[in-house]
Amino acid sequence: MLGVLLLVLFVGVLVVQAYINAEFKGDHKDSEVGDQAGVPKAIREGGPIINTTGGQASSSRLPDKTIALTFDDGPDPVWTPKVLEVLREFDAHGTFFVVGSEVARHPELTKRITDEGNELGLHTFTHPNLQRIAPWRRSLELSQTQVAIARAANVRTNLARFPYSSKPDAIDDVNWQIVKAAGRDGYLVVVNDTDSEDWQRPGVDRIIANATPRGDAGAVTLFHDAGGERAQTVAALRKFIPMMQARGWRFTTVTEGMNLGIEQQAKQARVPLLAENPAAEGTDRWRGTALIWTVRLADGMVWLIAGLFLVVGLLTIGRTALLLALATRHARQRRKKTFSWGPPVSEPVSVIVPAYNEKEGIEAAVRSLAGGDYPDIEVVVVDDGSTDGTAAIVERMHLPNVRVIRVPNGGKPNALNTGVALARHDLIVMVDGDTIFEPDSIRMLVQPFADPSVGAVAGNVKVGNRDKMVAGWQHIEYVIGFNLDRRLYEVLNCMPTVPGAIGAFRREALAGVGGVSDETLAEDTDVTMAMCRQGWRVVYEERAKAWTEAPATLEQLYRQRYRWSYGTMQAMWKHRHALRDSGPSGRFGRVGLPFLALFGVALPMLAPVVDIMLLYGIVFWELSATLQAWLAMLALQLFTAAVAFRFDRESMVPLWRLPLQQFAYRQLMYLVLIQSAVTALTGGRLRWHKLHRVGLNGVRSAPVVESPRPVLPQQSVAPPIDTWPPSRDQMSATAVFPPTGRATARPPVPIQYEGHDSYPQAGSPPAGESGPAYTRGA
């Protein structure tokens, strides 16, 4: 509900901003004169001040040798003050026909106009062609400008000039109806006698010539103080005013000149018939205050969006450049014929498979693990209180190197710690219960342990059900957003996540960080960050591939990514103290955490401004320019994707889905991140969500080879364990992290969930990088 309300408010502000920034073209726009049969001759051949109030139809001229300087399209923060300086210098006054949206933006400047003895008139709120808009909008354009003036200068005006208007003889039937409608609202409509045509910037002398009245007849003269560069206008005024004053001409406002003309016609001096800048009503001032603040809010919002758009663009380009440079370096290094981790690793390996209600895929997963080409594999399936017979399925397989451990349901971290505690070997591979390994995956995965500084290895996660649309989008994301990023993080030595689907650890490294923590929902990210802080290298082995079943529906995807994002945010908050540490912990805190926060959380959360600007541009800006900018961004993404797919030796065919991904998948990820951030900030708790699995078909895995592997004893219930991870007093004095996970046979408070959809599901993002990242309150 909060999101919907914010979205409605946001869209409303953008609509307001689009309205007040409607396409602005100067008054010089050509407009054909239509049929004039309905326009009274007295109006067509009359003066420039037209009065249709009270149902009359009359016009007024200025007295001889009287000029009313009028200025359209302001106020402008650059040119209006320069015009005012010239008027003040020569003791002349003018009438400024202002645009309401600009009054709302520059209320102080509007007040300065009246404070210096000048007059205000209405020039509509957004400068539209009134012939092309509905009658209600015409009235609104004038009334909005009136209340804006009331708040800015505490005055009101009786004068109005329409955009794109000209002289009395150009009024046709359509315009006459608009003039009469304005008269019914109480406005005098002002056109002009002479047009300086300063908008053309023809030169100072030509502007003066255009503005000079013929003979001694008074004139309303048109200039502009906004709408473009007006240096020639200012220079022309500086010559025109003293020149005409020297010839005996006087300069007045429109109202003052009209009143002088009326007095001369009546041949008697009277109080002016029309007040100049009369005081505004209190209600108009209040309405004007609301209007001005609405405009400011709208302008501020768009400036904020534009700034964020610039930030997102720079971050995207910078990240792409860094990603391509470092990932390319990583790929080239690994593919050199001389590259080697060291002597081949052949130490025995224990594979831990935490499983909760994995009947759909557990058999295929275990067969792929037990039948790998590695010489000594022990598979330990830890059944975490399954209710669907998962443990029985594995036991019926009768595989010699596989054993099943049953524990009461206590969550994935407890299952992993139990498995590690009961494992026989020091090289530990952790696998999700729905993951299928290729025959050589384990062998490839453990080779980096030839380097004694390596504490953990991240494998290459592949989407096995990529033939479905939603899973196909995730396939693209895994290759680009996860696997490519892992290369970057390895080069920077700040890998944040060893994926739960395929990861390998040294027992020593796991023990040093207190085992697998249950303090966050992203236990794999949590433990990886802890290892980085301990000084262990965490590397990526692209040749070790594991096939996982990705969510096939948007609902399931949302649940998974929500947990990932929330869990990663928890892990980042938990390890925030690394920012102040020294040594390896401090290096990770000052490199890995900021990098993950910037590109894994901030950039995806700011990315919606790209879509907002796209929609805003299509509706309110230049369509072609907007589409060109969007296509340029898409081209950059396609190029990055092509590089990532080439590094992973993947077919480029799925990339046809990438443009479609921009209009559905990406928006879902925005919502995930926003909800995750709100949940984290408000201290909310998030349940585990078990995803619905159907199993993978057609994925190449190893057959179980009959070999003299040792037959492992089966255990129906895990024995009591209190030796791993080591207790606080058993850990070395140099360890900086207390034990965070304990393997127990019976958790003090066993968690039994109701409803199939609420059960635990393993894992964080396969890399924890630029995909939506995600915490139980830290």
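Helices (H or I, at least four residues) and strands (E, at least two) are DSSP runs, numbered here from the N terminus. The model is predicted: local features need pLDDT of at least 70, side-chain atom pairs count only at pLDDT 80 or more, and totals for chains, interfaces and linings use all residues. Residue numbers start from 1 along each chain as its sequence is written, and side-chain values use heavy atoms, without hydrogens or water.

**The sheet**

Two strands pair if DSSP finds at least two bridges between them. An open sheet of eight strands runs in the order β13-β12-β11-β14-β17-β16-β18-β15. Its pairing is mixed. β13 (402-407) and β15 (436-437) stand at the edges. Each has a single partner strand, so one side of each lacks a neighbour in the sheet. β12 (residues 377-384) pairs with β13 in the parallel sense, over six bridges. V379 faces V402 of β13.

**Backbone exceptions**

Most residues other than glycine have a negative phi, and most peptide bonds are trans. Two non-glycine residues with positive phi are tabulated below. Buried means under 20% relative accessible area, exposed over 50%, and partly exposed in between (1.4 Å probe, protein chains only).

| Residue | Phi | Loop | Relative accessibility |
|---|---|---|---|
| N154 | about 60° | between α6 (135-153) and β6 (159-160) | 36%, partly exposed |
| H398 | near 55° | between α13 (390-397) and β13 | 69%, exposed |

The loop of H398 leads to β13, an edge strand of the sheet. Elsewhere, a cis peptide bond joins G74 and P75, with omega about 0°. P75 sits in the loop between β3 (66-74) and α3 (79-89).
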